[in-house]
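Work through the exercises below with the model open. Try each task before reading its solution.

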Amino acid sequence: MTTIAWKCYRCDLTFKQETHANLHKDICKHEPREIRVALA
């Protein structure tokens with residue numbers, strides 16, 4: 001099973017919620033990329 005997350009490779013941060021990724025984008029001006037994460 002997979003889920004969608006957002007990762008900022010510049011800061012090495014991963015966000016589970018899109019709202020948090022958007023906040024990071026607004027504050028740091030870094031564009032997080034949408035990724036797929038496998039769930040165990």
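The exercises below use a predicted model.

**Exercise 1. Lay out the sheet**

Task: Find the order of the three strands in the open sheet, and state which strands stand at the edges.

Solution:
- Step 1. Read the order across the sheet: β2-β1-β3. The pairing is antiparallel.
- Step 2. Look for strands with a single partner. These are β2, residues 13-15, and β3, residues 33-38. Each has one partner strand, so one side of each is left without a neighbour in the sheet.
- Step 3. Check the twist. Neighbouring strands of this sheet are turned by 40° against each other on average, direction ignored.
- Step 4. Go to the pairing of β1 and β2. Strand β1 covers residues 2-8, and three bridges join β1 to β2. Within this pairing, Cys8 stands opposite Leu13 in β2.

**Exercise 2. Place the helix**

Task: Describe how α1 lies relative to the strands, then decide whether His24 is buried or exposed.

Solution:
- Step 1. Helix α1 spans residues 18-28, and His24 lies in this helix.
- Step 2. Helix α1 lies across β1 and β2. The helix runs at about 140° to β2.
- Step 3. Take the accessibility of His24. The value is 8%, so His24 counts as buried; the cut-off for buried is under 20%.
- Step 4. List what His24 touches, leaving out residues up to four places away in sequence. The contacts are Cys8, Cys11, Leu13, Phe15, Lys29, His30 and Pro32.
- Step 5. Compare Leu23, also found in helix α1. At 48% relative accessibility, Leu23 counts as partly exposed.
- Step 6. Find the distance from Leu23 to Arg10. The two residues are 13 apart in sequence and 15 Å apart in space, C-alpha to C-alpha.

**Exercise 3. Test the cysteines**

Task: How many disulfides does the model hold? Give the reason for Cys8.

Solution:
- Step 1. Recall the chemistry. A disulfide is a covalent bond between the sulfur atoms of two cysteines.
- Step 2. Set the cut-off. The two sulfur atoms must be within 2.5 Å.
- Step 3. Start from Cys8. The closest cysteine sulfur is in Cys11, 3.8 Å away. That is too far for a bond.
- Step 4. Turn to Cys11. Cys11 is in no disulfide, and its nearest cysteine sulfur is that of Cys8.
- Step 5. Give the count: zero disulfides.
- Step 6. Add the surroundings. Cys8 is buried, with a relative accessible area of 1%. Cys11 is partly exposed, at 31%.

**Exercise 4. Find the salt bridges**

Task: How many salt bridges are there? Classify the residues in each by accessibility, starting with Asp12.

Solution:
- Step 1. Apply the cut-off. A Lys or Arg side-chain nitrogen must be within 4 Å of a carboxyl oxygen of Asp or Glu.
- Step 2. Count the pairs. There are two salt bridges.
- Step 3. Take the pair Asp12 and Lys7. Their side chains meet at 2.9 Å, N to O.
- Step 4. Classify these residues. Asp12 is exposed, at 56% relative accessibility. Lys7 is buried, with a relative accessible area of 16%.
- Step 5. Take the pair Glu31 and Lys25. Their side chains meet at 3.4 Å, N to O.
- Step 6. Classify again. Glu31 is exposed, with a relative accessible area of 54%. Lys25 is partly exposed, at 35%.

How values were computed. Residues numbered from 1 in each chain as written. Predicted model: local features only at pLDDT ≥ 70, side-chain atom pairs only at ≥ 80, totals over all residues. Heavy atoms only, no water. Helix = DSSP H or I, 4+ residues; strand = E, 2+ residues; numbered from the N terminus. Buried < 20%, exposed > 50% of the residue type's maximum accessible area, 1.4 Å probe, protein only. Contact = heavy atoms within 4.5 Å. Pairing = 2+ DSSP bridges. Axes fitted to C-alpha atoms, helices over the stretch in contact; angles between N-to-C directions.
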